[in-house]
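Visitor: Could you take me closely through one part of this model, and then show me what surrounds it? I would like one connected account.

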Amino acid sequence: MAATPISSAANKLTDQSPPLPLHATAARPSAAILSFSNSSISIQKLAISATSRNLSSRSSVVSVLKTARESEQASQPRNSDPEVKSPKPTILVSEKLGGAGLDLLRSYGDVECLYNLSPEDLCAKIGEFDALIVRSGTKVTRQVFEAAKGKLKVVGRAGVGIDNVDLQAATELGCLVVNAPTANTIAAAEHGIALLAGMARNVAQSDASMKAGQWQRNKYVGVSLVGKTLAIMGFGKVGSEVARRAKGLGMHVIAHDPYAPADRARALGVELVSFDQALSTADFVSLHMPLTPTTDKLFNDATFAKMKKGVRIINVARGGVIDEDALVRALDAGIVAQAALDVFTKEPPSKDSKLVQHENVTVTPHLGASTKEAQEGVAVEIAEAVVGALRGELSATAVNAPMVPPEVLSELAPYVNLAEKLGRLGVQLVAGGCGIQSVKVVYGSSRASDNMDTRLLRSMIVKGIIEPISDAHINLVNADFIAKQKGLRISEEKLLVDSSSESPIDSIQVQISNVGSKFESALLDNGNISIEGRVKDGVPHLTRVGAFSVDVSLEGNLILYRQVDQPGMIGTVGTILGESNVNVSFMSVSRTVTRVKAIVAIGVDEAPNKETLKKIGEVPAIEEFVFLDL
Ligand SMILES: NC(=O)C1=CN([C@@H]2O[C@H](COP(=O)(O)OP(=O)(O)OC[C@H]3O[C@@H](n4cnc5c(N)ncnc54)[C@H](O)[C@@H]3O)[C@@H](O)[C@H]2O)C=CC1
Ligand SMILES: O=C(O)C(=O)COP(=O)(O)O
């Protein structure tokens, strides 16, 4: 059933039920507010309670991710006593973390350390926590994110590899994932070198043999490293540090990494080569790429067959990049002479794993990052990232959200608020029953550079458009995903404007295409609903509705109407509002033709009741009006 908008004078309010923010008729509470395209989730039947709840929770979105304290407050009764502090964020640490990191976490939130939780126990507990901190031993699956029921705001991976976290699920459900990408680099590189040297000289095997009472000097003759070719597969942080150390051992180092900058390789005296070239020339192959769908079992029967007979392999990256059965075959066939492995497809591997038991294989139980120094560093690095995220700051180590440098963020902060308000306002101008499919955003800017990062602002516009009419919680993490899922296309354009302003953005215009409006004056000639805003003294302002200039701050509630331009109108409307004790906070009158037409915007502190809105709609000179909750 379509909503009957209050957009024309002929369409007067008749209903006595309480006012609804989005469509003041309220005669049919289950009526459509807005629907998206066929393929998208229909939101026509959304409960009004969700709608009004979302509209009334006016979060000031200076922080782009809803903070833990904010959401605790939202879910609890308001407390007017300023002495009563909001509860601390709750943080679950599911694997051992360095003390300094724990101290930092405890200074900000309530920390619970629960190690060795089963997947079921983790799902049962997770709904109590705002943040979860894991290492590689905890699988943060879709089930975990779903069990969190929106409470979990951030997952901190105390380390580099995030293959144990379902990033897609995290993104869909708006949960930020951060990692600690730098603090264990050296530890991992040193472990790689330890395995390389230990393997070449049979340290582990001869140690075991001696402890078993033997003295086998002939059996454990090793190979030298100097002059040998080492292929680094994945020339990132760890790979580069392994390369640097291997050069010091006199090895000839080559590397394969499709994304590595050539100058970094050159600076270390490392030659970047193709995958096949690396495999066919290396005496030693050391793996340092992440586990991704592309690298999954990248080292398999076919790739081992391309290697030099007698090659030696080191893996401190991820077990999954090797097809372990194929490696056993290659070891048995003598293609691979030896392997030194810190990581396994399944951790811990089964006790009777042929690979682990193979006499030419040296193993360690995922110890790459396990030095005292690295663990303290990682703990602090992840604690800082998680606390920052819980505070609502953008993280420098976000894995599933754009990293916005602090200086860019501080410049954009006032526009973040404006962008969300324009989205909220725009959606309320859409006529009931219309589906939004396409939104165009035009950023007016005096800066010539065209590399403005608009994702932050775009996300907030999406948040403003979608949140009031759905149960989705939208933040920087999931905005693009949810917009796509709902069939909402957002196009962006930058317009170079002549402005002396120092700020990165002069104005933001939001145009909603191919929909009717409940306030026809908001339509441009091309049929698009159009609203434009600017930031003035740090406060978001609405500066244009359709083709009409207005100037009202975007705070609280707004009544927009088109009237015949005649004397006494301000008094008439003011009296109606005054009679129901509604306080006017500001007013802006924009005349198009004197004594013919004017657009009026009135800001009110309280939401007028339905009766009051009805009276305004019945003023004969008012041709159309709309009440908007910002
Ligand atoms: N065993 C352990 O305890 C530790 C393991 N690691 C693992 O080591 C790996 C690397 O870590 P970082 O160097 O810190 O990461 P990084 O992101 O700095 O480097 C990874 C490099 O792999 C490259 N790469 C991606 N796909 C590739 C492909 N198909 N072929 C070749 N190169 C490819 C990337 O371009 C990047 O340069 C990660 O998987 C990480 O989880 C890291 C620390 C400790
Ligand atoms: O940082 C990484 O990627 C690691 O593999 C280290 O894992 P861990 O934290 O020791 O379980």
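**A leucine and its core**

Guide: In this predicted model, L542 touches L422, L425, I531, E532, G533, V550, D551, V552, L554 and L558, when residues up to four places away in sequence are left uncounted. L542 belongs to the largest nonpolar core, a set of 55 residues, and it is named with L429, I508 and L558 as having the most contacts inside that core. The element that gives the most to this core is helix α16, spanning residues 406–428, which supplies 8 residues. Apart from this core lies another one, made up of 29 residues, with F299, V311, I322 and L341 among them.

From the cores we can turn to the ligand. Around ligand 1 there are 25 residues, of which K237, V238, D257, V316 and D342 come nearest; sorted by class, this shell holds 12 nonpolar, 9 polar and 4 charged residues. D342 places a polar side-chain atom 3.0 Å from a nitrogen atom of ligand 1, while in the side chain of H366 an N or O atom is 3.3 Å from an oxygen atom of the ligand. With M289 the backbone is involved, one of its N or O atoms lying 3.5 Å from an oxygen atom of ligand 1. Taken alone, ligand 1 exposes 850 Å², and the protein buries 87% of that area.

Conventions
Residues numbered from 1 in each chain as written. Chains lettered and ligands numbered in written order. Predicted model: local features only at pLDDT ≥ 70, side-chain atom pairs only at ≥ 80, totals over all residues. Heavy atoms only, no water. Core = buried A, V, L, I, M, F, W, Y, C linked by side-chain atoms within 4.5 Å. Buried < 20%, exposed > 50% of the residue type's maximum accessible area, 1.4 Å probe, protein only. Helix = DSSP H or I, 4+ residues; strand = E, 2+ residues; numbered from the N terminus. Contact = heavy atoms within 4.5 Å. Near = heavy atom within 4 Å. Polar contact = N/O pair within 3.5 Å; in protein donor to acceptor, adjacent residues only side chain to side chain. Areas by Shrake-Rupley, 256 points an atom, 1.4 Å probe, with all protein chains shown as cover. Nonpolar A, V, L, I, M, F, W, Y, C, P; charged D, E, K, R; others polar.
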